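Ready for a few exercises with worked solutions? Have your viewer open and try each task before reading on.

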Amino acid sequence: MFMYTFLFVCAFVAVQVNAELNLIIKRYEMCEGFKDTPVKLYGIYKKYNNTFHVVNGGGSSPFDIGDNVVIHLIAQTFEDGKWNTILTAVKKDPCKLMNDYVGEMWHNIEKQLKIPVGECPLPAGDYKIKDYPLDFSKMTFQKVPKGQLRIQANATKDDELVLCMEAEFENGSIHHPRGQSVTWCTVKVEVMIVRPIATAAARFLGLKPSASLLGQSRRTNAELAAKRAAQYPKILITGGLGQLGQECAKLLRSKYGKDRVILSDIIKPSEQVLDSGPYIFADILDFKGLQRIVVDHRVDWLIHFSALLSAIGEQNVPLAVRVNVEGMHNVIELAKQYKLRIFVPSTIGAFGPDSPRNPTPNVTIQRPRTIYGVSKVHAELLGEYYHHRFGLDFRCLRFPGVISSDPPGGGTTDYAIAVFHEALKSGKYECYLKPDTRLPMMYIEDCLRSLWEYMTTPEDMLRRRVYNVTAMSFSPEELVNKLAEHIPNVQVSYNPDSRQEIADSWPQVFDDTEARQDWLWRPKYDLDKLVEKMITDVQTNYINKS
């Protein structure tokens, strides 16, 4: 079963790098956010002795598994304070690979699962295994690299997501029952089964340091500090009280800890914001003040949300230039000076009427017609220049319209938020765009997850520094029709204003193929799920409370 595909992954890497295999399984589970896939699995492992592990687990697949599935592999080792790729590979037919690389160990598991031994494809069905000792000494190959190792893999079947699983192994200095001393390390394996990709790539998931690892004298303080910064970065978010800041802080605090994410803005925060975690005053136009913050708080990542959006920027161009351009100059110079990883969001507004609109590729003519769009193109190019010229770890995603339950904040795509608030409050809404104005959109949960996945992807896996990301495209009319399935009496009229001209210059469909290929971006929300989620959240958080 797919449940044991990680065994093949370990064995395959062993063949390529020719090193010792000594594994203790610490964790094995389906990936967070990918637990509703067609193939299911679970596994609980208990230490039996230094060679065996007892496993209780199970899995199910609605289809046979054979040459209909392709696995993409990446192996990385942690050396000199960073992750280095040592292997990428694409292999077909996991059933055959299990027979070839895992060998006798796999055949013994097949017997326990009552699967015909050595035959392919693996049959569809539900499988359980109880108190079974895994004997890694029976694997065909007994070699993996010394030190820390990450193995990441993904597989595809008929262009559809079928499974995502993670396993964590520990290799440490222990006493072997025969008296030899063996060297162990921490190993995390992630198996991502996703849609086809042109090259094997996966996001970087930080390892939690084990006591045995931290105790190894051969690790220098600099290496441990670099490793910890990668695993538990101290993060500063500017413009933190805008649409994305608070939810971004919530997500990152869930990953790295409450005190490791600092929200900042020039606005007086609510009690709720203060109670949720660190908040400080930060003016992006005050460079010395920003320097003081980075030094005092030992910041590793900078997420720069401060900006005036499209419609508001057109109303006050001088202010937009100061905030969006001068502010960008300050934060990118700050990131260079203190060697920060910096994220700057861009937008569909970075494109203009001369850009192809359906679809809009990652690299094409841009030439926007708003100061917001101009400032974002400026930020993209400046960040890429600093990356190539100074080695700055600059990262940028072009977001489509981002939809959340928070009240609209002045963007051209905010009709897709306002319509929910007005429909649930009064049953009526006047839209400022034409009914057939198609624009790319995504729900805020997908937006922030794409940010985190991108920020945690190893640098050597990124072919670009700026990527398109999206989830769906729809028009006001299509959104209203879907909304009417839940609120049948909703009445929407259309009265286009100056924002229509802006929307007409923007992409209709965003092409995010490169993000899907390079770091495995996948949205979770389509239009149906978006509408259901928005109705629930707006009703609960705003309408009921008012």
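Here are four short exercises, each followed by its solution.

This is a predicted model: local features need pLDDT of at least 70, side-chain atom pairs count only at pLDDT 80 or more, and totals for chains, interfaces and linings use all residues. Residues are numbered from 1 along each chain as its sequence is written, and side-chain values use heavy atoms, with hydrogens and water left out.

**Exercise 1.** Find the disulfide and describe its geometry and setting.

*Solution.* Start with the cut-off: a disulfide is a pair of cysteine sulfur atoms within 2.5 Å. By this rule the count is 1 disulfide, and C95 is joined to C120 with an S to S distance of 2.0 Å. Next, take the torsion about the S-S bond: it is about -95 degrees, so the disulfide is left-handed. Then locate the partners, using helices (H or I, at least four residues) and strands (E, at least two) as DSSP runs numbered from the N terminus. C95 sits in helix α2 (residues 94-102), while C120 is in the loop between α3 (104-113) and β6 (125-135), 25 residues apart. Last, check accessibility, where buried means under 20% relative accessible area, exposed over 50% and partly exposed in between (1.4 Å probe, protein chains only). C95 is buried at 0%, whereas C120 is partly exposed at 37%.

**Exercise 2.** Explain why C248 has no bond to C447.

*Solution.* Look for the cysteine sulfur closest to that of C248: it belongs to C447, 8.4 Å away, which is too far for a bond. C248 itself is buried, at 1% relative accessible area.

**Exercise 3.** Work out the surroundings of R253.

*Solution.* First place R253: it lies in helix α6 (residues 245-256). Now look for a salt bridge (a side-chain nitrogen of Lys or Arg within 4 Å of a carboxyl oxygen of Asp or Glu). R253 has none although it is buried, and the nearest side chain of opposite charge, D259, is 7.1 Å away; here Lys and Arg count as positive and Asp and Glu as negative, with His and the chain ends not counted. Finally, list contacts (heavy atoms within 4.5 Å). Beyond neighbours within four places in sequence, R253 touches K258, V261, L263, S276, G277 and P278.

**Exercise 4.** Identify backbone exceptions, given that most residues other than glycine have a negative phi and most peptide bonds are trans.

*Solution.* Check omega: the bond joining C120 and P121 is cis, at about 0 degrees, and the bond from N358 to P359 is cis too, near 0 degrees. Then check phi: K114 has a positive value near 60 degrees, and K339 one near 55 degrees. K114 is exposed at 73%, and K339 is exposed at 74%.
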